[in-house]
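Student: I am new to this structure. Could you take one part of it and walk me through it closely, then show me how to read other spots in a similar way?

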Amino acid sequence: MKSRKRVIEDIKETIEGKHPEQALQEALGYVQSIIEMMRDSLLVLDDSLRVISANQSFYDIFLVRPEDIEGKFIYELGNRQWDIPELRKLLEEILSDNTTFEDIEVKQEFPDIGQRVMILNARRIYSAEIKAQRILLAIKDITKRKRAERELATSELQYRRLFETAHEGILIVNAETGQIEDVNPFLLDMVGFSKREILGKKLWEIGMLEHANLSRERFRVLQDRKYIRYEDIPLETKDGRQVDVEFASNVYEVNGKKVVQCNIRDITERKELDRLKDEFIGMVSHELSKPLTVITGCMNTVLDEATNLSEQERTHLLRNAALQADALTHLLGNLLELARVQADRLILHAEPIEAQFVAKSVVERITEQYPTHKYSLNFPPGLPPVDADPVRLERILYNLLDNARKYSPEGSEVRVFAKPDKDNVIIGVSDQGVGIATSDHEKIFGSFERLEHVGFKQTKGIGLGLLVCRRLVEAHGGRIWLESAPDAGSTFFFNLPCKRGA
Ligand code: ADP
């Protein structure tokens, strides 16, 4: 848009040396063409607020024709959509005392074009020629600008929310200076610094990122490469602790200014999981290979020494192989059950069963495998049937009996018993073994949890048996618990629901 001075100069040039009549016509033509070209709408009103004329922009924006508006009161135009009380008041004021009003923002609903937000400017002018007042009303449509502002504010709010609630640390750093410009609460929590302690500091000044030179060096690399990611670097907290983090940062431009965004993810848990996974693989492979070695050894001896072995020796070797094969099957069974639980694919095939028959068969099996202990079964007569999956009940009991014999001295007694309890049956397995301190009662149901039993021979196991028991009991809607103290033996209990109506 031309400046006022420039317009006057242009007019002077246009009319220079011309006949006054022609000069006037040309000046008017010039002004008219400027008005027509204006992007803002313009209305000329008389002193009774009737429309005298409008520019093209007004017709285009408000979708009206000259005959729709000329000679009509402004507040009667269309469906009276220009009957804006605030505007009417201002226009009346202009006519009475004020000569102008400036930058008044109004919002109005138009039937054809929807809601519009407009900035209104008006000026009273006096036409000497017709000796009457005129009002020039300029209307700037700022609907789009307002919408853009609103969208920007919304996206800024969304960004802020993401930033504030993100479950990883975020730092915004000035790419030129390395100064920290913003930090989210998660990172502050992670490192224990306050916002004030971090903002404005250089990335390498806060001592968070190992020692300073390394950070400065890394920052230089980032400026060159635009994106860097370190999978595992130590971050030092305010109180000197170390947090292992994944550090990803990238450079981008905001309003012509380069910023670095650093996303910092605490990987302590992930590393612990990786460690556990490695430990698990190591332990499982070891526990699987041990019985396999025995099985292979026994079988090979039986085959290679067929003629040299006595009947008794052969039976002993084959029994041993069978025992190890059983242990292997049991271990794999436990692993499979856990995998099913993990994948939410544990399906119980519950049916009304007499728990004592299952217990009897487990006791017989373990007596045959490990005749080292005195096993006894004590189920009172008339015990109601339980609603359980017999295969799973067998697994629970086998795990508990196997533990009872593993963690108690040879020759000692291992008892399996049951008692009714309201709508449940409580089944117990007790031993006279090393016992477990109360502080470890919960721990032993965790994955890979094995206790050190000082003065007791180290037994085999991977620390999953009790976890499997807990998951299976819970899948039946029951609970597992224990009573035990060091050197006082242990009794594990679990309850199973009785068959409904039993
Ligand atoms: P595993 O026997 O394979 O190590 P479990 O999950 O069955 O794994 O048991 C976890 C730990 O709980 C065992 O390593 C052992 O320290 C302890 N524990 C389990 N049962 C008994 C028990 N009857 N007496 C003493 N300690 C036991």
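Tutor: What follows starts with one helix and then moves on to the ligand and to several single residues.

Keep in mind that this is a predicted model.

Start with helix H5, residues 85–96. Does its length fit? At 1.5 Å a residue, its twelve residues should span 16 Å. The end C-alpha atoms of H5 are 17 Å apart, which agrees.

Now ask which residues of H5 are buried. They are Leu 87, Leu 90, Leu 91, Ile 94 and Leu 95. Seen down the axis of H5, these buried residues fall within an arc of 140°, so they line one face of the helix. The general rule behind such a pattern is simple. An α-helix has 3.6 residues a turn, so residues three or four places apart point the same way.

Look at the face of H5 turned away from the buried side. There you find the exposed residues Pro 85, Lys 89 and Ser 96.

What does the buried side of H5 pack against? The partners are four strands: S1 (41–46), S3 (100–110), S4 (114–127) and S5 (132–141).

Stay with strand S3 for a moment. Asp 103 is found in S3. Its phi is positive, about 50°, although Asp 103 is not a glycine. Most residues other than glycine have a negative phi. Asp 103 has a relative accessible area of 53%, over the 50% cut-off, so it counts as exposed.

Next, helix H14, residues 465–475. This helix is mostly covered, with eight of its eleven residues buried. The buried ones are Gly 465, Leu 466, Leu 467, Val 468, Cys 469, Arg 470, Leu 472 and Val 473. They pack against H11, helix H13 (390–406), strand S16 (480–484) and strand S17 (490–497). Just after H14 comes Gly 477, with a positive phi of about 85°.

Two residues of H14 also lead to the ligand. Leu 466 is one of the residues that come nearest to it, along with Asn 403, Tyr 407, Arg 450 and His 453. In total, 19 residues surround the ligand. Gly 465 has a backbone N or O atom 3.2 Å from an oxygen atom of the ligand. Side chains take part too. An N or O atom in the side chain of Asn 403 is 2.8 Å from a ligand oxygen. For the side chain of Tyr 407, the distance to a ligand oxygen is 2.9 Å. How much of the ligand is covered? Taken alone, the ligand exposes 530 Å², and the protein buries 98% of that.

Phe 448 lies in the loop between strand S15 (424–430) and H14. Phe 448 has a positive phi of about 60°, and it is not a glycine. Is Phe 448 buried or exposed? Its relative accessible area is 19%, under the 20% cut-off, so Phe 448 counts as buried.

Helix H11 was named as a partner of H14. His 330 lies in H11, which covers residues 311–342. His 330 is buried, with a relative accessible area of 11%. Setting aside residues up to four places away in sequence, it touches Arg 395, Tyr 398 and Asn 399.

Tyr 398 turns up again in the contacts of Ile 366. Ile 366 sits in helix H12, residues 355–369. Its relative accessibility is 0%, so Ile 366 counts as buried. Besides Tyr 398, Ile 366 touches Pro 371, Tyr 375, Leu 401, Asp 402 and Arg 405, with residues up to four places away in sequence left out. Ile 366 and Asp 326 are 40 residues apart in sequence, while their C-alpha atoms are 11 Å apart in space.

Finish with Ser 412, found in the loop between H13 and strand S14 (413–421). At 8% relative accessibility, Ser 412 counts as buried. What does its side chain reach? One polar contact of 3.5 Å joins it to the side chain of Ser 408. The side chain of Ser 412 also reaches the backbone oxygen of Pro 409, at 2.6 Å. Not counting residues up to four places away in sequence, Ser 412 touches His 373, Lys 374 and Gln 432.

Definitions and conventions: Residues numbered from 1 in each chain as written. Predicted model: local features only at pLDDT ≥ 70, side-chain atom pairs only at ≥ 80, totals over all residues. Heavy atoms only, no water. Helix = DSSP H or I, 4+ residues; strand = E, 2+ residues; numbered from the N terminus. Expected span 1.5 Å × (residues − 1). Buried < 20%, exposed > 50% of the residue type's maximum accessible area, 1.4 Å probe, protein only. Arc of directions from axis to C-beta. Contact = heavy atoms within 4.5 Å. Near = heavy atom within 4 Å. Polar contact = N/O pair within 3.5 Å; in protein donor to acceptor, adjacent residues only side chain to side chain. Areas by Shrake-Rupley, 256 points an atom, 1.4 Å probe, with all protein chains shown as cover.
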